[in-house]
Each structure stands twice: as structure tokens, then as C-alpha cells.
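Visitor: I am new here. Please show me the structure, and tell me how each label is earned.

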Amino acid sequence: DELDRTNPAAANPLANCTPDSKIWKIGMPALPGAILLAQKAGKTPLLLDGNDNKTVDVFFTYQAGAILDAKKLMVEESVLKTKTLEETHEELRTRLISAIKLGHTLYISMGNSATMFTTKYCKEGKFPVEVFETEAWDSAASANPGRAKICCRSKVNCKAMRESLATGKQEKDDLEFSDASGRGDSFDVIVSSHFQDEDYADFLAGSLPLDKMQAISVVVD
């Protein structure tokens with residue numbers, strides 16, 4: 001098909017992804033580029049996946065990463081009472097450490113829930129709120145010049161935070177090796193929600209630090 005040159009988004013699918021836009025609307029093919037653009041701007045991507053087939057969640061199930069089902073976590077602790085809050089905090093800590101040391105994406109799927117991370121499930125030394133904060137970062141400034149170019153870094157992935165999370169010698173050694181080798185540099189955090197564009201802010205305002213995030217609405221034809 002001939003390119004529609006009267007539509008800037010047709011020539012550049014990221015044309016509408018600007019810092020002054022509250023929600024970036026993109027097609028599925030532009031998703032990786034939009035995620036990268038948000039991270040370079042120091043924002044954690046919040047993917048709005050209101051599509052019937054939950055295309056974004058399906059996409060990330062096939063990626064190398066760690067998937068955290070936030071709704072399941074909340075139901076187990078608050079509804080079914082099969083886990084205590086302390087047990088939930090510990091599960092979050094171990095999941096976080098595993099993702100950091102392997103350099104994986106921690107994909108937090110909120111589903112249609114408003115799991116209260118900022119006010120309940122985030123805890124210093126376990127799953128700090130800094131998990132949801134992304135910083136622009138240039139690995140060329142690193143003491144390890146052989147590292148691949150990484151454009152961003154999770155605020156939780158720093159020496160002080162790693163030391164506060166690790167509880168035993170093996171965890172400390174694993175995190176130190178991950179940092180020294182550069183493997184942990186690729187760790188990042190991506191959040192998704194099934195709420196619609198017009199609803200997400202109202203539902204998630206008390207659950208996530210939305211001011212640290214960039215909403216990206218993925219439209220599937």
C-alpha cells in the first residue's frame with residue numbers, strides 16, 4: 001500500500017510520542033520503539049492494553065523476562081488469605097532480585113486490578129517504590145566499557161538498593177557478579193494495565209506512582 005504522507009504518524013509511528021502528551025497512542029509494531037523512547041526520557045512504560053485479546057500481555061509471555069501477576073498477588077494476600085502480607089513482601093523481594101541479577105525485564109501485569117503497590121505492597125528493603133522509577137543512563141560512562149549500550153537504568157538497580165535487598169551471602173555475591181559483569185544492566189521494569197485510556201488514571205492513581213510513568217496506549221486493528 002502507498003504510504004499516506006499526509007499523516008505524520010504513517011511516516012513515523014512515534015510522531016505523537018512527545019513529552020507533553022499524557023498518553024501515547026501507537027500500533028503494536030511501534031511498541032518496542034515507544035518503550036525505548038519512554039525509558040530514554042526517564043519514564044517507566046505503563047502499557048494500556050484494553051484490547052479484547054490482551055495482545056500486549058500475550059506478546060510479553062513470549063519474551064525473555066520475569067512476569068509478575070499483580071492481580072493474582074493481591075487476591076492471594078487480600079481475598080483468599082493464602083499468603084500473609086509479610087510472605088507477599090518476601091515473594092516480591094525474591095522476584096525482584098532474580099530479575100536484577102539475570103538482567104531481565106520485570107513485567108508487572110496489573111490486569112484489570114488496582115493492586116496497591118505504592119501504599120501496601122511496596123516496602124523498603126523488600127520491594128521499594130523505586131522499582132517504578134526509571135533513569136536515563138549512558139553505559140559509556142560506566143567503569144565497564146565492554147558493556148552493551150543501555151539507554152536507561154531502573155532506580156532500584158544501584159549499589160545501595162541492591163545491598164538493602166540482599167539478605168544472604170549468596171544473594172549478595174550473585175548481585176555483585178551481575179553488576180561487575182554488566183549482565184544486570186539490562187534489567188528494566190514495564191507495567192501493563194487492562195484499563196481503558198479514559199479510566200486508567202482514576203483507577204491507578206493510588207496504586208502506582210503515575211508521575212514517574214509514561215502511559216502508552218496500544219491500539220490493535
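Guide: Let us start with a term. A salt bridge is a side-chain nitrogen of Lys or Arg within 4 Å of a carboxyl oxygen of Asp or Glu. Under that rule, Lys72, Glu76, Lys83, Glu91 and Arg95 are linked in a network. The model is predicted, so local features need pLDDT of at least 70 and side-chain atom pairs count only at pLDDT 80 or more, while totals for chains, interfaces and linings use all residues. Residues are numbered from 1 along each chain as its sequence is written, and side-chain values use heavy atoms, with hydrogens and water left out.

Visitor: How many salt bridges does a search of the whole structure find?

Guide: The search finds 14.

Visitor: What makes Lys72 and Glu76 a salt bridge?

Guide: Their closest N and O atoms are 2.7 Å apart. The cut-off is 4 Å, so the pair qualifies. Both residues are in helix 4, four residues apart, which means about one helical turn separates them. Helices here are DSSP runs of H or I with at least four residues, strands are runs of E with at least two, and both are numbered from the N terminus.

Visitor: Is Glu76 called buried or exposed, and why?

Guide: Buried means under 20% relative accessible area, exposed means over 50%, and partly exposed is in between (1.4 Å probe, protein chains only). Glu76 has 13%, so Glu76 is buried. Its partner Lys72 has 47%, so Lys72 is partly exposed.

Visitor: How do you know that Lys101 and Asp174 meet in a salt bridge?

Guide: The N to O distance is 3.4 Å. That is within the limit of 4 Å, so the name fits. This pair links distant parts of the chain: Lys101 is in helix 5 and Asp174 is in helix 8 (residues 169–181), 73 residues apart. Lys101 has a relative accessible area of 23%, so Lys101 is partly exposed. Asp174, at 24%, is also partly exposed.

Visitor: What makes Lys159 and Glu163 a salt bridge?

Guide: Their closest N and O atoms are 3.0 Å apart. The limit is 4 Å, so they count. Both lie in helix 7 (residues 159–165), four residues apart, about one turn of the helix.

Visitor: Why is Lys159 called exposed?

Guide: Its relative accessibility is 54%, and exposed starts over 50%, so the label holds. Glu163 has 47%, so Glu163 is partly exposed.

Visitor: Which phi value does Lys54 have?

Guide: Lys54 has a positive phi of about 50 degrees, although it is not a glycine. Lys54 is found in the loop between strand 2 (44–48) and helix 3 (55–61). Its relative accessible area is 25%, so Lys54 is partly exposed.

Visitor: Where does Lys81 lie, and why is Lys81 called exposed?

Guide: Lys81 lies in the loop between helix 4 (70–79) and helix 5 (85–102). Its relative accessible area is 59%, so Lys81 is exposed. Lys81 has a positive phi of about 60 degrees and is not a glycine.

Visitor: How do you know that strand 1 and strand 8 pair?

Guide: Two strands pair if DSSP finds at least two bridges between them. Strand 1 and strand 8 (residues 213–219) have five, in the parallel sense, so they pair. Trp24 stands opposite Ile216 in strand 8. Strand 2 and strand 8 also run parallel, joined by five bridges. There, Leu48 stands opposite Ser217.

Visitor: What is the order of the strands in the open sheet?

Guide: The six strands have the order 1-8-2-7-4-3, with parallel pairing.

Visitor: What makes strand 1 and strand 3 stand at the edges?

Guide: Each has a single partner strand, so one side of each is left without a neighbour in the sheet. Strand 1 (residues 23–27) also has a covered face, Trp24 and Ile26, and an uncovered one, Ile23, Lys25 and Gly27.

Visitor: Which residues line the largest cavity?

Guide: The lining is Ile100, Arg153, Asn157, Arg162, Leu175, Ser178, Asp179, Gly184 and Asp185. Helix 8 gives the largest share, three residues.

Technical notes:
On a 1 Å grid over the protein atoms alone, a cavity is a set of points where a 1.4 Å probe fits but cannot get out, and a pocket is an open set with protein on both sides within 12 Å along at least five of seven lines; lining residues have an atom within 4 Å of a point.
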